[in-house]
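Reader: I should like to work through this structure by asking questions in turn. May we begin with the entry itself?

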Number of protein chains: 2
Amino acid sequence: MNPTKAKLLTATAQVLREDGFAALSARTIATRAGVNQALVFYHFGTVAELVDAATRQAADESADRYREAFAGVTSVGALLALGRELHERERAAGNVAMMAQLMSGAQGSPELAAAARYAMDRWTREIEAVLGRVLADNPLAGVLDPAGLARAVSAGFLGLELYEGVDPAGAEQALATLERLAVAVDVVGDLGPVARRALRSRVKNLA
Amino acid sequence: MNPTKAKLLTATAQVLREDGFAALSARTIATRAGVNQALVFYHFGTVAELVDAATRQAADESADRYREAFAGVTSVGALLALGRELHERERAAGNVAMMAQLMSGAQGSPELAAAARYAMDRWTREIEAVLGRVLADNPLAGVLDPAGLARAVSAGFLGLELYEGVDPAGAEQALATLERLAVAVDVVGDLGPVARRALRSRVKNLA
DNA sequence: GTCTATAAGATGATAGAC
DNA sequence: GTCTATCATCTTATAGAC
C-alpha cells in the first residue's frame, strides 16, 4: 500500500469522526494527511471513492476487533460486561460516530449507501454470532431471533451515538435502561421450571 | 408569520428530509421555496439559524401529533399497534429522517446541537408519558424506567431510520424483533402470580 | 420585502511541470 | 508520484435599486 494512499485513508476517517460528513472535502482531508490536495484525485479518482474506501477499511478493522473480543462469550452477563467495555472503547476511538456520519451522508448518495451497507453487515455478522450463542437456551429465543436483534443492536448504537453528541446525559440514561432490559432477559432465562414453562407457552403463541 | 418566511421554513424541512444535511444551502432551500436566495439572510440572518428554526418548528408539530395519538393509550398492546402505525406515518412524512439528519449535522455545530437537543426532548417527553402509564403495573417497572426507555426508543428510531436508508430489509427485520421484545415484556406483565413473584424478587436485586 | 449584482472564498477536478 | 497552477462552479453574505 502506497504510504500517501494510507495517510489519506486514515485522514478521511479522522475528519469524518471529528468534524462530521459535512466537513469532508478533498482539501480538508489532504491537509489533515499532510499531502497535496490533487493526490486525492490521483489515488482515488473522486472524493466519494476515497470515503468509500476509508469507511470499508474502518469497518473491517472494527469488525475484526469485535470478533476477537466476542470469541469466548457464551452468557448474557458476560456479553453485557464486554458490551459496555467495548462500547466505551469504540466510542473513544470514534468508530461509531464515523459510521453514524457515513449512514447520514449515505442518504443522499447511492455510492456511499453501498459502503454503509457493507459496514453494517460486517458489524451485524459478528454481533449475530455472539447473540446466537448467548440466547441459545433462553425461553425467549423463539421471540428474539439473533439476526433481527443484531440489526437492532447495531442500529441502536448508531442512534445512541448521535444522541450522545447532542445530549450525553440523556444517552447515558438510555444506555443504562437498555442494559437493565438485557439483564431482565437474562433473569427470565434463569427462571425456575414453573415460571419458565408458563412463559414459554405464552411466548410460543407469538412466534 | 410572513408567507416567505413560512415557505423557507417548510422548504428547509423538505431539503433536509429528501436530500440530507449535506445538500443544505441558501440556494437549494430558496429554490425549493420558490423565492430569492438573499431572502434567507434577510429573514434568518444565516443558513444555520434558518435550519434551527425549521427543525424546532417540525419537532413541535411532530410532538404535538404524538401527544394526541398517545392520549388514550394505557396498555402495551395498544401502544405497539399505535407505535407501528405512527412509525409508518412519520416515516412517510419524513420526520424521523429529518431528525436523523439534524443530529448528524449537529455533531459539527454547537448551534444546531441545541436545536437537536430541543427536538429530542420534545419527542421523549411525549413517549415518556405514555410509557409511564403503560408500564405502571408491570413487574419490570422497577427495571425499565420510563425516562430512560423513552430516550432509548427515540434514539432507536433515529438509528433505525438511518439503517433503513441503507438496508430496508435489515431495518424491517430489526423492527420486527424489537416489537416481539415489547410483546414479551407485555407477556411478562401478564404472568400468573407465582411466576410473577419469582420474577419480581429477582428483578428487585437489579434495581 | 423583494429583487439584482457582486464580493470573497471554498469546492471538485484537471493539465502540466518536475 | 507529487507538486503548482488553474478552471468552472458552488458557497455565504452584503449593498443597493426598486
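**The surfaces near the DNA**

Author: The residues of the surface near DNA strand D divide into seven nonpolar, seven polar and two charged. The model discussed here is a predicted one.

Reader: How many residues surround DNA strand D, and which are the closest?

Author: A residue belongs to this group if one of its heavy atoms lies within 4 Å of the strand. On that basis 16 residues surround DNA strand D, and the closest are T4(A), N36(A), Y42(A), H43(A) and R27(B). Of the atoms of DNA strand D that come within 4 Å of the protein, sugar and phosphate account for 57%.

Reader: Which part of DNA strand D lies 2.6 Å from a polar side-chain atom of T4(A)?

Author: Two residues of chain A may be considered together here. For N36(A), a polar side-chain atom lies 3.0 Å from a phosphate oxygen of DNA strand D. For T4(A), the atom at 2.6 Å from the polar side-chain atom is likewise a phosphate oxygen.

Reader: Which side chain has an N or O atom 3.0 Å from a base nitrogen of DNA strand D?

Author: For this contact one looks at a base of the strand and at chain B. The side chain with an N or O atom 3.0 Å from a base nitrogen of DNA strand D is that of Q37(B).

Reader: Which element gives the largest share of the surface near DNA strand D?

Author: Two or more residues come from each of α3 (38-44) of chain A, α2 (26-33) of chain B and α3 (38-44) of chain B. The largest share is four residues, and the element that gives it is α3(A).

Reader: Which residues come nearest to DNA strand C?

Author: The surface near DNA strand C has seven nonpolar, seven polar and two charged residues. Sugar or phosphate makes up 55% of the atoms of DNA strand C within 4 Å of the protein, and bases make up the rest. Of the 16 residues around DNA strand C, those that come nearest are R27(A), Q37(A), T4(B), N36(B) and H43(B).

Reader: At what distance does a polar side-chain atom of R27(A) lie from a base nitrogen of DNA strand C?

Author: Chain B offers two contacts with phosphate to set beside this one. A side-chain N or O atom of T4(B) is 2.6 Å from a phosphate oxygen of DNA strand C, and one of H43(B) is 2.8 Å from a phosphate oxygen of DNA strand C. For R27(A), the distance from its polar side-chain atom to the base nitrogen is 2.9 Å.

Reader: Which element gives the most to the surface near DNA strand C?

Author: The elements that give two or more residues are α2 (26-33) and α3 of chain A, together with α3 of chain B. The element that gives the most, with four residues, is α3(B).

**Salt bridges**

Reader: With which residue does D52(A) form a salt bridge?

Author: Both partners lie in helix α4 (residues 47-70) of chain A, four residues apart, which is about one turn of the helix. The closest N and O atoms are 2.8 Å apart, and the partner of D52(A) is R56(A).

Reader: Is D52(A) buried or exposed?

Author: A residue counts as buried under 20% relative accessible area. Its partner R56(A), with a relative accessible area of 27%, is partly exposed. Because the relative accessible area of D52(A) is 17%, D52(A) is buried.

Reader: How many residues apart are E90(A) and R65(A)?

Author: E90(A) forms a salt bridge with R65(A), and the closest N and O atoms are 3.4 Å apart. This pair links distant parts of the chain, with E90(A) in helix α5 (residues 76-93) and R65(A) in helix α4, and the separation is 25 residues.

Reader: Is E90(B) buried or exposed?

Author: E90(B) forms a salt bridge with R65(B), with the closest N and O atoms 3.4 Å apart. R65(B) counts as partly exposed at 34% relative accessibility. The relative accessible area of E90(B) is 3%, so E90(B) is buried.

**The two copies**

Reader: What relation holds between chain B and chain A?

Author: Two copies of a chain are related by a rotation about an axis and a shift along it. Here a rotation of 180° with 0.0 Å of shift superposes chain B on chain A, at an RMSD of 0.0 Å. The relation is therefore that of a two-fold axis.

Definitions and conventions. Residues numbered from 1 in each chain as written. Chains lettered and ligands numbered in written order. Predicted model: local features only at pLDDT ≥ 70, side-chain atom pairs only at ≥ 80, totals over all residues. Heavy atoms only, no water. Polar contact = N/O pair within 3.5 Å; in protein donor to acceptor, adjacent residues only side chain to side chain. Nonpolar A, V, L, I, M, F, W, Y, C, P; charged D, E, K, R; others polar. Salt bridge = Lys/Arg side-chain N within 4 Å of Asp/Glu carboxyl O. Buried < 20%, exposed > 50% of the residue type's maximum accessible area, 1.4 Å probe, protein only. Least-squares fit on C-alpha atoms with pLDDT ≥ 70 in both.
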